[in-house]
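Here is a walk through one protein chain, from its overall build down to single backbone angles. Keep the 3D view open and follow along.

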Amino acid sequence: MSLLTVENLSVVYEPRGSLPTKAVRNVSLRLEQGEFVGIVGESGSGKSTLGFAITRLLRNPARIESGKIIFDGKDIAGMTREQLREQRQGGFAMVLQAGMNALNPVRTIGKHFDDIFRAHGHIDRKDFAARAAELVQKVRLDPQVLGSYPGELSGGMRQRVAISLALALEPRLMIFDEPTTALDVLVQHAVMDTIQELQRSENFTAILISHDVGLVMEATERILVMHEGEIVEDSPSHTIATHPKDAYTRMLLSHYADPRQENIDLPGLSVHGERIYTHGTQHVAPQRDLGATEAFSVEHVTKVYPAPKRGEQQVHAVDDVSFVIQPGEALALVGQSGSGKSTIAKMMTGVEKPSSGRILFGASDVSTLNRRGLKELHRQVQMVFQDPYAALNPMHTVEYILSRPLANYLGLRGDVAHQRVLELLDMVGLTPAEEYAAKLPHQLSGGQRQRVVIARALASNPQVIVADEPVSMLDVSLRAGVLGLIADLREHYGVSVLYITHDLLSARMVTNTILVLHNGRVVERGSTHDVMQHPHDRYTKQLLDAIPHVSTQA
C-alpha cells in the first residue's frame with residue numbers, strides 16, 4: 001500500500017465578496033515510502049495549496065471541495081482537528097517557505113521545541129532538552145542555538161531550525177514548501193544537502209515544492225509539474241530536462257542556463273560572449289532626456305558598525321572597496337547576504353555614510369551633500385527594489401504612483417504629467433498605457449509591478465539605476481522580460497546600472513563588469529564574461545559550483 005494517495009483532489013478559495021477560485025483541479029498522485037518527489041510550477045500554479053491540503057493546513061477562505069487524501073490507509077480529508085493532531089505525530093509535517101515567519105520572535109528556539117513536545121506528549125519532560133539538542137544537531141546546528149532567539153540567527157540557520165522542528169514529530173512524510181527561496185546560493189546548496197541527507201538517514205517520504213526546476217531536478221527522483229491547478233507532467237527527474245512532454249515544462253526549462261556558457265539564449269534575451277542582445281521588445285516612446293554623463297566612483301570605502309552587543313566586536317560590513325561605474329556601464333555587485341553589497345548601495349545613495357573613504361558622483365562627494373544636494377542626487381540616482389509587491393502603495397493607481405516623482409523632481413503636473421506617465425508605461429512595455437495607468441497594484445502580475453517600479457525610477461530622468469535583486473521574487477517566465485528591460489536601459493538609453501544580486505545568471509545577462517564581494521571585500525573583478533569563464537578566487541568558484549545545473553541536451 002502506498003504511503004500517500006491523492007484522488008481527484010480539488011481546492012477552492014471562496015473570499016467573501018469575490019468569485020470563488022479553484023486553485024487545485026482534480027489532482028491525483030501516489031507516493032511510496034522513502035520516495036523523494038518534487039512539485040514545480042510558477043506562482044499561482046497551485047503547488048503550495050496542494051501541499052497545505054495534503055497536510056490539512058488550509059485556512060479560510062480555502063477549503064477542500066472534493067477528493068480523497070489517503071495517508072497510511074486513512075482518508076484524512078474529513079478528519080477533525082483533534083484527529084489530525086494525533087495523526088501528525090509520526091505522520092506528516094510541513095516546512096514553510098520563510099524560516100523567520102515560521103518562528104515566534106519572542107521565544108527562544110528551545111521553547112519552540114518544548115511547545116511541540118508538550119502538545120504531542122511523545123517525549124518525557126526530563127528528556128526535552130536532550131531531544132531538542134539531538135534534533136538541531138541533525139541539521140548541522142550547535143545545540144547552543146536552543147538559547148537563541150530567531151532574530152539572532154541567519155536565514156539559513158532559521159530554515160534549519162524549522163526543519164528540525166518538523167523532525168520533532170518523527171514524521172513519515174515531510175513537505176518542504178520553497179525551503180530555499182529567500183536564501184543565497186551557497187546557503188541554499190547547504191540547506192538542500194541537509195534535507196537530502198536527512199531524507200536518506202531518516203527514510204521519510206519527501207515532497208519538495210519549488211519554482212526552481214534546477215534545484216528540484218538535482219534533489220528529487222520524480223517531478224510533478226503543475227500549471228493552473230493541474231498536474232501537467234509526471235516524469236523521472238533524470239529525463240525531464242531532455243524529454244519534457246508538456247509545452248509548459250518546455251517553457252520553464254527554456255529559462256534556465258549555466259552562466260559559464262559562452263553563448264546563452266533566454267526568451268527575449270541573449271548573451272554571445274560579451275555582447276548582450278534583447279529581442280522581441282518594443283519601446284514606443286523613448287525618453288530623450290536619459291543618458292549618463294557622470295561617473296560614479298567608490299574610493300577605498302569602509303563601513304564599520306558598532307558592536308551589536310557589549311563584549312562583541314565591531315561589524316566590518318565593507319572593507320576597503322573601490323570601483324568606478326563609467327557613464328552607460330552596467331556593473332554587478334555579486335555576493336551572498338552579509339557580503340556588503342546592499343550597504344554599498346546605501347552609501348552610494350546617501351542613506352549611509354562611509355566610515356572612511358569617499359564616494360563621488362561626478363565631482364560631488366556624496367557624504368558631504370546637504371539636503372538640496374541629496375535631493376538632486378536622488379533625482380539622478382534611482383532605486384529599483386527587490387520586492388515589487390511591497391514597493392508600490394496598494395491604495396494608489398499606477399498613474400498616481402508615477403506622477404509623484406514627476407511632480408517632486410521635474411515639476412510636471414496636469415496633462416503634461418499624464419502624457420509623461422503614458423510615455424513611461426510605453427517605455428517599460430506596459431501597453432495599452434491608458435489601461436495600465438488606471439490600474440491598482442493588486443490588479444497587476446509580479447512582472448508588471450516590477451515594470452511599474454522601473455518606470456517610477458525612470459520618471460526623474462536619472463543617470464544611474466541601482467537595481468537591488470530586481471528579479472529574485474519573480475517567476476522564471478517573468479525574469480527575462482525584466483532583465484531585457486534593464487539591458488535596454490543601458491544599450492539604447494545610456495543609463496548606468498548598478499546591479500546587486502546573488503544570482504550569477506542574471507548578472508551574466510545584463511552586466512558587462514562584475515565585482516564579487518565576500519565578507520565586505522572585493523575578491524574578484526573583471527568583465528562579466530571573463531569572471532564567469534575563468535574565475536580566480538575560490539569563493540567565486542564556490543558560487544558558480546553551487547548553481548543547480550539543468551542540462552537540456554538530448
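How many helices and strands are there in the protein chain? There are 19 helices and 23 strands. The model is a predicted one. The radius of gyration of the chain is 25 Å, and the globule rule gives 24 Å for 554 residues, so the chain is as compact as a globular protein of that length. The C-alpha trace spans about 70 × 60 × 50 Å along its principal axes.

Start with a pair of small hairpins. Strand E11 covers residues 263-266 and strand E12 covers residues 269-272. The two run antiparallel, joined by four bridges. Asn263 has His272 in E12 as its bridge partner. Two residues lie between E11 and E12 in this hairpin. In the turn, Gly268 has a positive phi of about 85°.

E12 then goes on to a second partner. Four bridges join E12 to strand E13, residues 275-278, and this pair also runs antiparallel. Two of the bridge partners can be named. Leu269 is matched with Thr278 in E13. His272 is matched with Arg275 in E13. His272 therefore has a place in both pairings, with Asn263 as its partner in the other one. E12 and E13 again form a hairpin with two residues between them. The glycine in this turn is Gly273, with a positive phi of about 65°.Now move along the chain to an open sheet. Which order do its four strands take? The order is E15-E14-E17-E18, and the pairing is antiparallel. Strand E15 (315-325) and strand E18 (364-365) are the edge strands, each pairing on one side only. At the E18 edge, E18 pairs with strand E17, residues 356-361, in the antiparallel sense. Two bridges make up that pairing. Phe361 stands opposite Ser364 in E18. A helix also packs on this sheet: H10, residues 341-348. H10 touches strand E14 (296-305), E15 and E17. The direction of H10 makes about 65° with that of E15.

Next come helix pairs. Two packed helices are described by the angle between their axes and the distance between the axes. Helix H12, residues 398-410, serves as the reference here. How does helix H11, residues 371-380, pack with H12, and at what angle? The angle is about 135°, and the axes lie 11 Å apart. H11 and H12 are therefore oblique to each other. The crossing of H11 past H12 is left-handed. On the H11 side, the contact uses Lys375, His378 and Arg379. On the H12 side, it uses Asn408, Tyr409 and Leu410. By class, this contact has two nonpolar, two polar and two charged residues.

H12 also packs with helix H15, residues 446-458. The angle here is about 25°, with the axes 8 Å apart. Why are H12 and H15 described as roughly parallel? Angles under 35 degrees count as roughly parallel, so H12 and H15 fall in that class. H12 passes H15 in a right-handed crossing. Val398, Ile401, Leu402 and Pro405 are the H12 residues in this contact. They meet Val452, Ala455 and Arg456 in H15. The contact divides into six nonpolar, no polar and one charged residue.

Finish with the backbone. Most residues other than glycine have a negative phi, and most peptide bonds are trans. Three places in the loops are worth a look against that background. A cis peptide bond joins Asn60 and Pro61, with omega at about 10°. Pro61 lies in the loop between helix H1 (47-54) and strand E4 (62-71). Another cis peptide bond joins Thr431 and Pro432, with omega at about 0°. Where is Pro432 found? Its loop runs between helix H13 (414-427) and helix H14 (433-437). Asn203 is not a glycine, yet has a positive phi of about 55°. Asn203 lies in the loop between helix H6 (185-202) and strand E8 (205-210).

Terms used:
Residues numbered from 1 in each chain as written. Predicted model: local features only at pLDDT ≥ 70, side-chain atom pairs only at ≥ 80, totals over all residues. Heavy atoms only, no water. Axes fitted to C-alpha atoms, helices over the stretch in contact; angles between N-to-C directions. Parallel < 35°, antiparallel > 145°, perpendicular 65-115°, else oblique. Left-handed = near helix turned anticlockwise from the far one by under 90°. Contact = heavy atoms within 4.5 Å. Nonpolar A, V, L, I, M, F, W, Y, C, P; charged D, E, K, R; others polar. Pairing = 2+ DSSP bridges. Rg over C-alpha atoms; globule rule 2.2 N^0.38 Å.
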